[in-house]
Number of protein chains: 2
Amino acid sequence: MGKQATEMLKGILEGILLAIISERPAYGYEITAELRERGFSDIVEGTVYAVLLRIEQRGLVDVEKVPSEKGPPRKVYTLNAQGRDSLAEFWGNWSFLAGRLEQLRTDNEGN
Amino acid sequence: MGKQATEMLKGILEGILLAIISERPAYGYEITAELRERGFSDIVEGTVYAVLLRIEQRGLVDVEKVPSEKGPPRKVYTLNAQGRDSLAEFWGNWSFLAGRLEQLRTDNEGN
DNA sequence: TACCGGTACTCCGCAACACTAGGTACTCAA
DNA sequence: TTGAGTACCTAGTGTTGCGGAGTACCGGTA
């Protein structure tokens, strides 16, 4: 995808994960797979786990360890009240940014 | 705007500047003012100049020094062929990202 | 038994980015 | 001569996602 796209993910990936977790509790391995399904095929596993650790440490999610039939126990993340606030703030910021950029692009057509 | 918004700008600010310069040649001080008009009121001068320096060093713009009536000479930036390529790539990446996020948001409504 | 692939999580060093918080220098009006 | 407006630059900082590992548990197969 190129370096440019990587930079663009910064600050956005966290919002994406919060959004996914808000749909239903989920664990890292599962989230990684869903990201691929959703078209974010270049996001590597290590990065996903790093973000999950971060949002856990910030208290945006509750964590529960659940045994798995195949493999190590899963860390299942659930969005809590703080996480929902943060997600709402993310969508707000995103809307703002997307709006400005859309305007810039239409002003810019043909260049 | 908060830290979250700052992180979101990464990789995007550069595209914004390229887009502005693509409309017509411009210099830093002017671009800073236009950013404020366009609603990006929290982007500080120093950051703008840093990005301009970067895109200059990458050869995305041509630079011309033009004397000013009031104050030091202006560095007027013009988008060149490479810059136009980079801008196109930016819009491509942006479209992709915005599309995925929009989908995520609609899937997510009510959470 | 030994090995491999799938599941599931963790860690370290790195480069890139925008921000903070300054600074320099020129012009003109009060 | 002091200040405001114009115009540009720099050093240091924290956050971020990536690359490239490693650990561990399980079932099937040769």
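**Figure 1. Where chain A meets chain B.** In this view, 37 residues of chain A are in contact with 37 residues of chain B. Keep in mind that we're looking at a predicted model. How big is an interface? People often answer with the accessible area that is lost when the parts come together. Here, about 3800 Å² is buried between chain A and chain B, and carbon and sulfur atoms give 63% of that area.

**Figure 2. One chain laid on the other.** Turn chain A by 180°, with 0.0 Å of shift along the rotation axis, and chain A superposes on chain B with an RMSD of 0.1 Å. The two copies are thus related as by a two-fold rotation axis. Both copies use the same surface, too: 100% of the contact residues of chain A turn up again in chain B. Which residue of chain A comes closest to the rotation axis? That's Lys10(A), with its C-alpha at 3.2 Å from the axis.

**Figure 3. A salt bridge from chain to chain.** Side chains of opposite charge can pair when their charged atoms come close. Across the interface of chain A and chain B there are two salt bridges. Take the pair in this close-up: Arg38(B) bridges to Asp107(A), and their closest N and O atoms are 3.1 Å apart.

**Figure 4. A salt bridge inside chain A.** Counting over all chains, the structure holds 18 salt bridges. This close-up is about the one between Glu14(A) and Arg54(A), where the closest N and O atoms are 3.1 Å apart. Glu14(A) sits in helix 2 (residues 13-23) of chain A and Arg54(A) in helix 4 (residues 45-57) of chain A, so this pair ties together parts that are 40 residues apart in sequence.

**Figure 5. The largest pocket.** Rolling a probe the size of a water molecule over the atoms shows where empty space is left. The largest pocket has a volume of about 740 Å³. What lies nearest the centre of the largest pocket? Among its 31 lining residues, those are Leu9(B), Lys10(B), Gly11(B), Leu13(B) and Glu14(B). Chain A gives two or more lining residues from each of helix 1 (3-9) and helix 5 (81-107), while in chain B helix 1 (3-9), helix 2 (12-23), helix 4 (45-57) and helix 5 (81-107) do so. Sorted by kind, the lining has 13 nonpolar, ten polar and eight charged residues.

**Figure 6. Chain A on its own.** Chain A has five helices and three strands. Starting at the N terminus, you'd read its elements as α-α-β-α-α-β-β-α. Its C-alpha atoms fill a box of roughly 55 × 30 × 20 Å along the principal axes.

Terms used:
Residues numbered from 1 in each chain as written. Chains lettered and ligands numbered in written order. Predicted model: local features only at pLDDT ≥ 70, side-chain atom pairs only at ≥ 80, totals over all residues. Heavy atoms only, no water. Least-squares fit on C-alpha atoms with pLDDT ≥ 70 in both. Contact = heavy atoms within 4.5 Å. 1 Å grid on protein atoms, 1.4 Å probe; cavity = no way out; pocket = protein on both sides within 12 Å on 5 of 7 lines; lining within 4 Å. Points joined across faces, edges and corners; volume = space filled by probe spheres on them. Helix = DSSP H or I, 4+ residues; strand = E, 2+ residues; numbered from the N terminus. Nonpolar A, V, L, I, M, F, W, Y, C, P; charged D, E, K, R; others polar. Buried area = accessible area lost by both parts, 1.4 Å probe. Salt bridge = Lys/Arg side-chain N within 4 Å of Asp/Glu carboxyl O.
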